[in-house]
Amino acid sequence: MFYIALAAAMLAGIGTASAHNSCKNDWRQKIMSEKVAFLTVEMGITPEEAQVFWPIYNEVSKKNDEAMHKVFTSYKALDQALNEGKGSKEIQKLLDAYLDAIEEQKELNSDAADKYKSVLPVEKVARLYIGEEKFRRQHIRNLHNKPGERK
């Protein structure tokens, strides 16, 4: 199993961090390596499946990061406008932008599932989504239970 996870991590195209943001990139690379290994085991994908799946997953992840950034940016702008007491027209415009960003993210997720199903059986695609949620929850628990910190 270790070799499959290692192969998947290499196939995921995780590069070395640049000197510019090495700390942030090192952390991101570490998390992605852990996630790839975790998902590979959870999904039970073969090396052949991994070879075609991980490039698609990486492409989707990049687009999802961009979409999520758009949602957060539009949310912050809307929240700021409300806190500053802006007018109805501006709030409506910002609300529309926020809702559009959420809709774009939803469409991206739907398209991603179709892409995944084009290279993997539906059961493994379902295991991907379950595995991503398990991984997310595991990391949240780890953050809350760091030794030496108060709860």
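Here a biologist and a modeller talk through how the terms used for this predicted model are justified.

Biologist: Before we start, what should I keep in mind about the model?

Modeller: It is a predicted model, where local features need pLDDT of at least 70 and side-chain atom pairs count only at pLDDT 80 or more, while totals for chains, interfaces and linings use all residues. Residues are numbered from 1 along each chain as its sequence is written, and side-chain values use heavy atoms, with hydrogens and water left out.

Biologist: Thanks! What makes up the fold, and how are helices and strands assigned?

Modeller: Helices (H or I, at least four residues) and strands (E, at least two) are DSSP runs, numbered from the N terminus. By that rule the protein chain has 5 helices and 0 strands, which reads as α-α-α-α-α along the sequence.

Biologist: What share of the contacts joins residues 24 or more positions apart?

Modeller: Contact means heavy atoms within 4.5 Å. Counting contacts with a separation of 6 or more, 67% join residues 24 or more positions apart. Phenylalanine 38 in helix H2 (residues 22-43) offers an example: leaving aside neighbours within four places in sequence, its contacts are Gly131, Lys134, Phe135 and Gln138. Its C-alpha atom is 9.4 Å from that of lysine 134, although the two residues are 96 apart along the chain.

Biologist: Why is leucine 120 called buried?

Modeller: Buried means under 20% relative accessible area, exposed over 50%, and partly exposed in between (1.4 Å probe, protein chains only). Leucine 120 has 5%, so it counts as buried. This residue sits in the loop between H4 and H5. Apart from neighbours within four places, it touches Met43, Ile45, Glu49, Phe53 and Val125. Its C-alpha atom is also 9.0 Å from that of valine 52, with their positions 68 residues apart in sequence. For the whole chain of 151 residues, 26% count as buried.

Biologist: Lysine 124 carries a charge by your counting, so what is its burial class, buried or exposed?

Modeller: Lys and Arg count as positive and Asp and Glu as negative, with His and the chain ends not counted. Lysine 124 has a relative accessible area of 17%, under the 20% limit, so the verdict is buried. Lysine 124 belongs to helix H5 (residues 122-144), and beyond its neighbours within four places it is in contact with Met43, Gly44, Ile45, Thr46 and Glu49.

Biologist: How do you know that glutamate 49 and lysine 124 form a salt bridge?

Modeller: A salt bridge is a side-chain nitrogen of Lys or Arg within 4 Å of a carboxyl oxygen of Asp or Glu. Here the closest N and O atoms are 2.7 Å apart, so the pair qualifies. Glutamate 49 lies in helix H3 (residues 47-83) and lysine 124 in helix H5, so the pair ties together parts 75 residues apart in sequence. Glutamate 49 is buried too, at 15% relative accessibility.

Biologist: Which pair links helix H2 with helix H5?

Modeller: Lysine 35 and glutamate 132 form a salt bridge, with the closest N and O atoms 4.0 Å apart. Lysine 35 lies in helix H2 and glutamate 132 in helix H5, so parts 97 residues apart in sequence are tied together. Lysine 35 is buried at 19%, whereas glutamate 132 is partly exposed at 23%.

Biologist: And how many salt bridges are found in the whole structure?

Modeller: The search finds 12. Another is lysine 70 with glutamate 104, their closest N and O atoms being 3.0 Å apart. That pair joins H3 to H4 across 34 residues of sequence. Glu59, Lys63 and Lys115 are linked in a network of salt bridges.

Biologist: What makes Leu95, Leu99 and Ile102 a surface patch?

Modeller: Patches are made of residues with over 30% relative accessible area and no salt bridge: like charges are joined within 9 Å, nonpolar side chains (Val, Leu, Ile, Met, Phe, Trp, Tyr) within 5 Å. Isoleucine 102, at 34%, is over that limit, so it can be included. The three residues make a nonpolar patch of about 220 Å².

Biologist: Which residues gather in a patch of negative charge?

Modeller: Asp96, Asp100, Glu103, Glu107 and Asp111 do. The place of a charge is taken as NZ of Lys, CZ of Arg, CG of Asp or CD of Glu. Glutamate 103, in helix H4 (residues 88-117), is partly exposed at 37%.

Methods. Accessible areas come from the Shrake-Rupley method with a 1.4 Å probe; for residues, only the protein chains shown count as cover.
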